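Please open the model in a viewer and keep the sequence panel beside it. The tour below proceeds by selections, each followed by what is to be found there.

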Amino acid sequence: MKKVLLMAAMLLGSTAAVFAQDAKALNDEVQALKGQIDKGQQAMILGQGDANQFYGLVDQLFDKVYECDRVSEQPDAKGKVKNKFRKANADLLNLNRPQLINGGVEAFNNNENAKALKYFGKYIDAAKHPMMEKFNYLATDTMIPLISYYACIAAAREENHDAVLKYVDEAVKDKENGASALELKCASLKATNKNDEFLAALKEGLEKFPNDNYFVGNMIDYYTNNNQYDEAVSYIDAQIAKNPNNDYFYFVKGYLYQTQKKYEEADQAYAKSVAMNPNSAQAQSYAGLNLCQEAIALGEDETVSEATLEALYKRALPYYEKARELAPDDKTLWLNGLYTCYYRLNMTEKAAEIEKLM
């Protein structure tokens, strides 16, 4: 048994020596890269350097330092770690880390999104690397949220949803782009069929950015696609209670009722939306459409008088006329509806005018 233990100890000592040799060799490579980077930086200052090559060297430096640190963290024969390269190499990476932003920006602007993602990602990942803990980047580096946002854009362009989801939580912290970052998160969750997380992200977006229509619109799409109309209406009512002056919430509520053919309830909701924001061509159009659809539905009942139907078309007409005024080039919002109203109200000249536009 003693012989076995002795052999194991000897083997452990031999392995530790190998690790020490490997770490020394790796650190020599780090120093060689440092020399190339220093020369490259001087050339860049003089306008003579190759930017693509320079940023590539910085990228290699991070990989090589991390490899050196990994090997240096191996315990010696006594089980102790003597990482004599970590401090100097951490300082070296800290000095060169901003160059990863520069390399990422250049790649991003050249539409080299995979490369941009690599550089931006390496910049962000450094904040969580054990050898960089002393810099406390997550607390002190105010650039991380912004760089995370651009990393997410680059990842989204590459349809790299895993990368989007990796960096997006930091990106959401960016004051200028937080809402857009959360939209990217929602899109990636939806694309990867993570439905529960997608719904949770939409709710997060609606809480943090109540004036961003992306979240409420997609929330309603989610509910309606799953035939959860009661849940959708309840959710919108809750949002209206928090934000009673948000015209879009009333528009969405109208749309939900209209989809369920609850035309009177829809009419009330649309009327509130239009009253709050009379310059929304979309709200004007849908309010008119709802009344026309109600008239068509009632028209199938022979007991409903023509006067009742005519009254609905009369109420729909000003909505469509306003939609035309607000969005004359978007004929989808008013052309067919306006023609229907003019035709049903025997306004033949106006109907003929609209017919020429069809």
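Begin by selecting helix α4 together with its surroundings: the elements covering the buried residues of α4 include α2, α3 (86-109), α6 (144-157) and α7 (161-171). The model is a predicted one. Within α4, colour the buried residues, which are Asn113, Ala116, Leu117, Tyr119, Phe120, Gly121, Lys122, Tyr123 and Ile124. Then place a distance between the end C-alpha atoms of α4 (residues 113-125): they are 17 Å apart, in agreement with the 18 Å that 13 residues should span at 1.5 Å a residue.

Next, move to helix α2 (residues 51-72) and display Phe62 and Tyr66, which stand four residues apart in this helix and are therefore separated by about one helical turn. Both Phe62 and Tyr66 are buried.

Remain with aromatic side chains and select Phe54 and Tyr55. How are the rings of Phe54 and Tyr55 arranged in their aromatic pair? The arrangement is edge-to-face, with 5.4 Å from centre to centre and 65° between the planes. Phe54 is buried at a relative accessible area of 3%, and Tyr55 likewise counts as buried, at 9% relative accessibility. Return now to Phe62 and Tyr66: their ring centres lie 6.0 Å apart with the planes at 80°, so this pair is also edge-to-face. The structure holds 15 aromatic pairs.

For a larger group of rings, select Tyr248, Phe251, Tyr255, Tyr270 and Tyr286, which together form one aromatic cluster.

Then display Ser285, which is located in helix α14 (residues 281-299). Is Ser285 buried or exposed? Its relative accessibility is 7%, so Ser285 counts as buried. With neighbours within four places in sequence set aside, the contacts of Ser285 are Tyr320, Ala323 and Leu333.

The next selection is helix α9 (residues 195-208). Its 14 residues reach 20 Å from the first C-alpha to the last, close to the 20 Å expected at 1.5 Å a residue. Colour the buried residues of α9: Phe198, Leu199, Ala201, Leu202, Gly205 and Leu206. These residues lie on the same side of α9, because they cover an arc of only 160° around the axis. An α-helix has 3.6 residues a turn, so residues three or four places apart point the same way. To see what covers the buried residues of α9, add the helices α8 (178-191), α10 (213-225), α11 (229-242) and α12 (247-259), which are among the covering elements.

Finally, zoom out to the whole protein. How many helices and strands are there in the protein? There are 17 helices and zero strands. The radius of gyration is 32 Å, well over the 21 Å that the globule rule gives for 358 residues, so the protein is more spread out than a compact globule. Rotating the C-alpha trace onto its principal axes shows spans of about 105 × 60 × 30 Å.

With the surface displayed, the protein exposes about 19700 Å², of which carbon and sulfur atoms supply 50%. Buried residues account for 44% of the 358 residues. If contacts are drawn between residues at least 6 apart in sequence, 57% of them join residues at least 24 apart.

Terms used. Residues are numbered from 1 along each chain as its sequence is written. This is a predicted model: local features need pLDDT of at least 70, side-chain atom pairs count only at pLDDT 80 or more; totals for chains, interfaces and linings use all residues. Side-chain values use heavy atoms; hydrogens and water are left out. Helices (H or I, at least four residues) and strands (E, at least two) are DSSP runs, numbered from the N terminus. The expected span of a helix is 1.5 Å times one less than its number of residues. Buried means under 20% relative accessible area, exposed over 50%, partly exposed in between (1.4 Å probe, protein chains only). The arc is that of the directions from the helix axis to the C-beta atoms. Contact means heavy atoms within 4.5 Å. The radius of gyration is taken over C-alpha atoms; the globule rule is 2.2 Å times the number of residues to the power 0.38. Accessible areas come from the Shrake-Rupley method with a 1.4 Å probe; for residues, only the protein chains shown count as cover. Rings of Phe, Tyr and Trp (its six-membered ring) pair if their centres lie within 6.5 Å; planes under 30 degrees apart count as stacked, over 60 as edge-to-face and the rest as tilted.
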